[in-house]
Amino acid sequence: MFHLHDMEQRGRQTVRKRTKWVVYMMILVTFWSRASGQVRYSIAEEVKEGTVVGNIAKDLGLEKSTLKERGYRIVYSSTEPPFQVNQNDGILYVNRKIDREEVCDRIKVCVIDLKTVLENPLEVHYVAVEILDVNDHAPSFPESEKMLEIFESALPGARFQLQAARDADSGSLSVQMYKLSHNEHFRLEVKDRGEDRKTPSLVLQKPLDRETVMTHVLLLTATDGGKPPRSGNMTIIVNVSDVNDNPPVFTQDSYRVELKENSPFGTTVIHVNATDMDEGSNGEVLYSFGNDVDARVRGRFDLNPVTGVITVAGAIDFEESGRYEIDIQASDKGAATLTTDKTVVIHIVDVNDNAPEIEVTSFSRALPEDSKPGTTVALISVKDSDSGLNGKVICHIGEGLPFLLTPSLQNNMYSLVTKLLLDREQQSQYNVTIVAKDTGEPSLSSDKTIKIVVSDVNDNSPEFSQNPYTFYISENNNPGASILSVTARDNDEGSNALISYLISRDRGRENLPTSFLNINSDNGDIMALKSFDFETLKTFQFHVVASDSGTPSLSSNVTVNVFILDQNDNAPVILYPVSSNGSAEGVEEIPRNVNAGHLVTKVRAYDADIGYNGWLLFSLQEVTDHSLFGLDRYTGQIRTLRSFTETDEAQHKLLILVKDNGNVSLSATATVIVKLVEPKEAFAASDVKSSSKADEDNHVTFYLMITLGSVSALFLISIIVLIAMQCSKSTDYTSKYLQETNYDGTLCHSIQYRSGDKRYMLVGPRMSIGSTIVPGSHANTLVLPDRRRTSEEVRLF
């Protein structure tokens, strides 16, 4: 800029010098005008107002004194002429500053024609004033700064026309040359079109590369022909327009990142970045997944197409995939899209988010109870989808079980084996809980319960509910009806516990009571094929065998003791008195002088039944005089109640009723005729009678001995059986005969025994008068004082 300013100052000085020179030349011009008959002047442009052009009056030969009077003036079409004439001296001077370029734009000879007028008389004179050009304008461009857009793909030799500079001056003072600042890519060519028209053009001489230099700044200078010359400059800015010749380039050679599984949705995984050296849309990069990225990966991750940020878009599970290789494609927006691929490797970091899984690969649901220790029950496989310590699994089972969990040679395989002998009867099934626990932090565990059923083996014999069995049945039972039942239980199951019953019989002994018994093989009910008679059979024993249906079959037997209970099915039998024809009649003679309390006779009777059924009571049904005779209710003794008198009859008839104490009482009667005789007759008769009575007593004694012997033998056997039972069981059995008091004449016996906390008594016809009969009891039931307990009921069956 300082250079241009200096040039303008030098130009002004030159103008002043030339103006002086023009004034000096006026004399020459005037002289030339007169000679030619036309006044013509020359003056430089841009002279100051008032500058003398010439003396028109003198040059036209006019009198100066008449100029004013005749109104000498210049007639000009414009409102204000560029020149004026002085009416006093006729000098033409500059009325205003004249710019040749304004008056005569680009005309080589610039002449202003003036018409001067004189009046009185009217005269018209023509004056021509030539405006001489002065180098007062520097070349100028239409724009001080020119922007050019040139594609970097332009070939060398390409021409780019520029606007020419303009200089208001003309001729040699106009633009004469152009000059371009140094640049290796461009050179300047100027085309001369004549008439001061020179057109500059830029010529590309070396290929452009926008990625190397985006903008070239050139300075174009236009210089005129003045001395000194004046110049003008224009800045040319060449913007190299991008051509999509550069693919995007990722900022890293490789992308590797670690990502924890189960990361929340939206978690930033990695930021990939690519740059494109092109500009505009050619340099805008968009990111996308490669074409071979499958839908599964696209469902797990999301890629922002603008920023290149990869985020979590789905569930990240290490167990599904521990590593992802994702092809990322960076593309620009050029018309011919250029792309670059890069692989992003994502390593998934395992998190302990999977509990161990337990699988029973082989399982014996039914385990025989006789299995030996070490028998394999099940094969267990465990797996944990996690890795490392998170996937290492330790298994165990609960304590107190007859099983062991032993690891196998194969990894994560276990065998469940028996540790002890099993007993199904103690425990038929086991719920074994297998716990698998990994070593992750925090540790996860799972469990699985398997049900092990212990299958039965026939290792248990049937067991009877009692051993031995003791049953009490009443005589006169219905033939074919069930009289008793035995029950056995087998701790095994199924066919091993299916029990059948049979009675053990001795071959060749068909008259035994067991030959009349039959047993239901399914339920153990025993039926009697005939009725039992207590008086014939009081007790018997047999054996029942219970066998299961296992293979081989196991069996056991039990002793069954049966006691026949008496029923009142026998009426009393009169043993005395008995007549010769078998009727129960007798005659007793007593002296008339006997005192009160004299024993007249004793009625003797027998009942085959026992207990209450055999307990006999005597009573007088008929008597001629109730004041004379009395009958003992229990002994059957007939005694006199008072002494006889003379008025008493000589013969008395007594009807005695003998009955038992059964629920339905049975009875018999005996008739005793008492004759009163004088003492001498009685003595003689007593001798005869004693002899006959002796024979009669012998017969009675024989019968009594037989009866007592039979009864004693039967009860001796009963006592032996009871003693044996007492020895075989802890049950307290005692056997003894009751003490007999206040009884004379009636056969009786009793058996007392204990079973557990019960006391039982079998009572024959003879019993203590002090015993108490319980009203409403079944059969023969007595309540006896117990030393251990205050009182309890003892039942007789």
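Why is strand 39 (residues 539-548) largely enclosed by the rest of the structure? Select residues 539-548: 8 of the 10 are buried, so strand 39 is largely enclosed by the rest of the structure. Buried means under 20% relative accessible area, with exposed over 50% and partly exposed in between (1.4 Å probe, protein chains only). Strands are DSSP runs of E, at least two residues, numbered from the N terminus.

This is a predicted model, where local features need pLDDT of at least 70, side-chain atom pairs count only at pLDDT 80 or more, and totals for chains, interfaces and linings use all residues. Residues are numbered from 1 along each chain as its sequence is written, and side-chain values use heavy atoms, with hydrogens and water left out.

Next, add residues 499-504, which form strand 36. Strand 36 pairs with strand 39 in the antiparallel sense over 6 bridges; two strands pair if DSSP finds at least two bridges between them. Pick Tyr501 and look across to Ala546 in strand 39.

Now show strand 40, residues 555-565. Its pairing with strand 39 is antiparallel, over 9 bridges. The two form a hairpin, with 6 residues between them. Phe540 stands opposite Val562 in strand 40.

Move to another sheet. This open sheet has 4 strands in the order 1-7-6-3, with mixed pairing. Strand 1 (39-44) and strand 3 (73-75) stand at the edges with a single partner strand each, so one side of each has no neighbour in the sheet. The twist averages 35° from one strand to the next, with axes as lines fitted to C-alpha atoms and angles from 0 to 180 degrees between N-to-C directions.

Finish on residues 110-118 (strand 6) and 123-132 (strand 7), antiparallel over 9 bridges. Select Ile112; its bridge partner in strand 7 is Val129.
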